[in-house]
Amino acid sequence: MGSITVKQLGKAYKQYPSRWSRLAEWLSPTGKTHHTLKWVLQDIDFEVKAGEAVGIVGINGAGKSTLLKMITGTTQPTTGSVQVTGRVAALLELGMGFHPDFTGRQNAVMAGQLLGYSVEEIARLMPEIEAFAEIGEYIDQPVRVYSSGMQMRLAFSVATAHRPDILIVDEALSVGDAYFQHKSFNRIRAFGKEGTTLLIVSHDKGSIQGICDRAILLDAGVIGMQGAPDAVMDYYNALLAERENSTVRQHVTDDGKLKITSGTGEATIDDIALLDDKGERLEVVNVGQAVELRVGVRALEDLPELVLGYVIKDRLGQPVYGTNTHHLNDKLFELKSGATLTYRFKFPANLGVGTYSISVALHTADNHISKNYEWRDLALVFSIVNIDKGNFVGVAWIPPVMECER
Amino acid sequence: MQMIQALWSYRGFVLGSVRREFESKYRNSLLGALWTIINPLTMIVVYTVIFAKLMQAKLPGVDSTFAYSIYLCVGVLTWGLFTETVGRSQNVFLENANLLKKISFPRLCLPVIVVANAGLNFLIIFSLFTIFLIVSGNFPGLVFVALIPVLMIQTLFAVGLGITVGVLNVFFRDVGQLFGVILQFWFWLTPVVYPVTILPESVRAAIRYNPMNALISAYQGIVVRGLWPDWMSLWPVTVLSILLCLLGMRLFRKHAGEMVDEL
């Protein structure tokens with residue numbers, strides 16, 4: 001129970017040259033077709049095993065929603081098949097079908113019936129729904145007086161009243177306040193632990209990496225990549241930065257991690273190193289040690305503007321600290337082709353024990369979205385070890401000065 | 001068979017929807033459900049006062065003051081049920097586009113809800129009418145039960161037609177507009193307001209091909225004259241209804257998937 005098998009799935013919408021041509025096609029005795037097919041998804045093949053958590057990422061229009069609609073069954077596939085075992089709950093459109101003039105309780109019953117619950121079942125689940133939604137007295141008020149956050153709380157509580165075999169979550173969860181977002185994500189995580197298969201669409205790196213075992217990247221209607229969440233998210237970020245002539249290259253590093261380089265290539269990173277105070281290259285760094293990140297950059301064409309950015313990530317790919325020369329107020333303008341630059345960033349390695357990676361990017365303005373010369377993930381990997389500090393946990397070294405009065 | 005099973009498991013949703021639609025109409029009114037009674041009551045009273053008292057209209061061959069207003073009410077009420085069912089089913093997929101696109105549930109629930117709602121409204125109105133018949137001493141007696149099979153045939157006809165037109169209307173919005181026009185003509189080409197006897201012989205022969213004619217005449221015969229319906233005359237419309245239902249189901253099954261893309 002709870003597996004999803006998608007085979008050779010494709011979806012195309014029919015496009016008719018004019019309003020009359022559909023009629024012509026319907027009435028044609030020879031079965032002559034008048035439409036052209038516009039493919040939005042093609043050759044989608046993947047399998048989600050029971051209990052797995054899979055994230056789906058992709059830019060707007062990549063076909064994520066269409067894919068989810070076909071898995072939930074609202075839209076019919078044009079080619080291929082979707083096989084789903086077990087009960088599916090989809091958090092695609094929260095609060096669908098709520099009638100503003102009816103009370104929250106009545107709407108909850110209605111929404112439950114639309115999900116296929118019986119009235120007795122809903123009555124049994126009602127206290128639990130009320131408790132989770134935390135909307136208090138409002139449950140017996142008409143939904144039109146609800147705030148949008150309250151509607152969404154109630155809708156989420158109804159949709160997840162029962163642990164489903166498969167839970168499909170769209171970005172719906174970006175609504176609601178931080179407290180409820182945490183609460184709902186905890187519930188989703190708990191379902192995952194109890195064996196529910198999770199399929200999550202999100203743009204949020206954190207939620208994909210935090211929950212999912214695997215990620216699938218949809219790009220222009222086909223699967224662009226699937227694999228470990230952090231590698232897929234890096235590739236996704238690189239894709240976001242991809243513009244006209246730029247390319248995205250991936251290669252596997254010695255330790256088996258995917259390394260992704262992308263960009264338009266007007267400037268390149270010649271060398272990157274982490275050095276100690278004597279100028280020696282480091283791979284292992286002590287907690288709190290003073291280090292220097294040295295980046296050599298070469299302009300391959302005349303550049304109107306250049307910004308260098310870097311971000312230190314932990315082993316899950318979560319950013320720990322990142323900045324760029326735009327924010328450091330040292331943006332360069334009007335660089336001639338062939339110019340070489342050496343940047344030095346000095347900082348104490350106030351990090352917790354573990355391995356970290358550094359990604360660097362050359363771009364304009366304050367982010368890599370508008371113009372991206374080169375983006376390099378996993379440009380450098382180093383480990384932090386604790387040689388002389390007391391034992392502590394976490395990714396940051398924040399030593400306190402302690403006092404205790406008694 | 002599978003469809004029926006799916007419908008059965010969603011009976012809670014169907015019943016809930018019917019109740020909700022009924023309630024929502026009068027939700028924010030002071031008199032509430034009383035309005036369901038006031039509206040048809042006004043109609044009955046107006047017809048009776050105008051035609052029976054003011055115009056002294058008589059129905060040929062029936063000797064009763066109320067005969068013509070009863071004749072009119074029977075026709076108008078049953079015709080109303082027909083147009084409500086067909087009219088609502090032709091728009092049911094368009095009206096529920098959001099639901100169809102976002103939530104997976106048996107699509108056939110929607111026409112069933114339409115039929116149930118129209119049936120409920122009709123039941124209320126017709127019960128009032130029945131009370132009027134009893135009070136005014138015009139109740140036809142046992143023959144009244146013959147209304148049930150005739151109403152069932154009419155519902156079958158309306159559902160078949162409604163689903164067919166409803167599916168077509170998703171793809172060709174002209175169908176809905178056109179059908180509105182057709183219904184107008186259809187009403188006047190059916191002897192609802194006038195007795196069929198006032199028509200010239202040649203037109204009467206043509207009107208026999210109007211499937212609603214057989215049904216409406218059966219109602220009028222039962223209620224006004226206390227006659228059992230001529231079952232043979234109902235055969236063609238029954239066969240036509242079944243054919244329309246099959247056509248509607250076929251269209252629906254063939255295009256249900258494409259329909260969601262088109263909404």
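## Fold of chain B

In this predicted model, chain B contains 11 helices and 0 strands. Read from the N terminus, its elements follow the order α-α-α-α-α-α-α-α-α-α-α. Chain B has a radius of gyration of 20 Å, close to the 18 Å that the globule rule gives for 263 residues, so it is as compact as a globular protein of that length.

The C-alpha trace of chain B extends over about 60 × 50 × 35 Å along its principal axes. Buried residues make up 34% of the 263 residues of chain B. When contacts in chain B between residues at least 6 apart in sequence are considered, 77% of them link residues at least 24 apart.

## Helix H2 of chain B

Helix H2 of chain B covers residues 11–26. Its 16 residues, at 1.5 Å a residue, should span 22 Å, and the C-alpha atoms at its ends are 23 Å apart, which agrees. The buried residues of H2(B) are Gly12(B), Phe13(B), Gly16(B), Ser17(B) and Arg20(B). These residues lie on the same side of H2(B), because they cover an arc of only 120° around the axis.

The packing partners of these buried residues come from both chains. Chain A supplies helix H3 (104–114) and helix H4 (119–133), while chain B supplies helix H6 (109–135).

## Contact between the chains

Between the two chains, 21 residues of chain B are in contact with 22 residues of chain A. On the side of chain B that touches chain A, the elements giving two or more residues are H2, helix H5 (97–102) and helix H11 (231–262) of chain B. H2(B) provides the largest share of that side, with 5 residues. By residue character, the side of chain B that touches chain A consists of 8 nonpolar, 8 polar and 5 charged residues.

## Helix H3 of chain B

Helix H3 of chain B comprises residues 34–54. For its 21 residues, a rise of 1.5 Å a residue gives an expected span of 30 Å; the end C-alpha atoms are 28 Å apart, which agrees. The residues Pro40(B), Ile44(B), Thr48(B), Phe51(B) and Ala52(B) are buried in H3(B).

Helix H4 (67–95) and H6 of chain B are among the elements that cover the buried residues of H3(B). H6 of chain B also packs against the buried residues of H2(B). After H3(B) comes Gln56(B), which has a positive phi, near 50°.

## Chain A in outline

The secondary structure of chain A amounts to 8 helices and 20 strands, whereas chain B has 11 helices and 0 strands. Along its principal axes, the C-alpha trace of chain A spans about 80 × 75 × 40 Å.

Chain A has 406 residues, of which 37% count as buried. Of the contacts in chain A between residues at least 6 apart in sequence, 70% join residues at least 24 apart.

## The start of chain A

Met1(A) is located in the segment before strand E1 (4–15) of chain A. Met1(A) counts as exposed because it has 12 C-beta neighbours inside 10 Å, and a residue with 12 or fewer is classed as exposed.

Apart from neighbours within four places in sequence, Met1(A) is in contact with Ala50(A), Thr85(A), Gly86(A) and Asp165(A). Ala62(A) is separated from Met1(A) by 61 residues in sequence and by 29 Å in space, C-alpha to C-alpha.

Methods
Residues are numbered from 1 along each chain as its sequence is written. Chains are lettered from A and ligands numbered from 1 in the order in which they are written. This is a predicted model: local features need pLDDT of at least 70, side-chain atom pairs count only at pLDDT 80 or more; totals for chains, interfaces and linings use all residues. Helices (H or I, at least four residues) and strands (E, at least two) are DSSP runs, numbered from the N terminus. The expected span of a helix is 1.5 Å times one less than its number of residues. A residue is buried if 20 or more other C-beta atoms lie within 10 Å of its own, exposed if 12 or fewer, and partly exposed in between; C-beta atoms are placed from the backbone. The arc is that of the directions from the helix axis to the C-beta atoms. Two residues are in contact if their C-beta atoms, placed from the backbone, lie within 7 Å. Ala, Val, Leu, Ile, Met, Phe, Trp, Tyr, Cys and Pro count as nonpolar, Asp, Glu, Lys and Arg as charged, and the others, Gly among them, as polar. The radius of gyration is taken over C-alpha atoms; the globule rule is 2.2 Å times the number of residues to the power 0.38.
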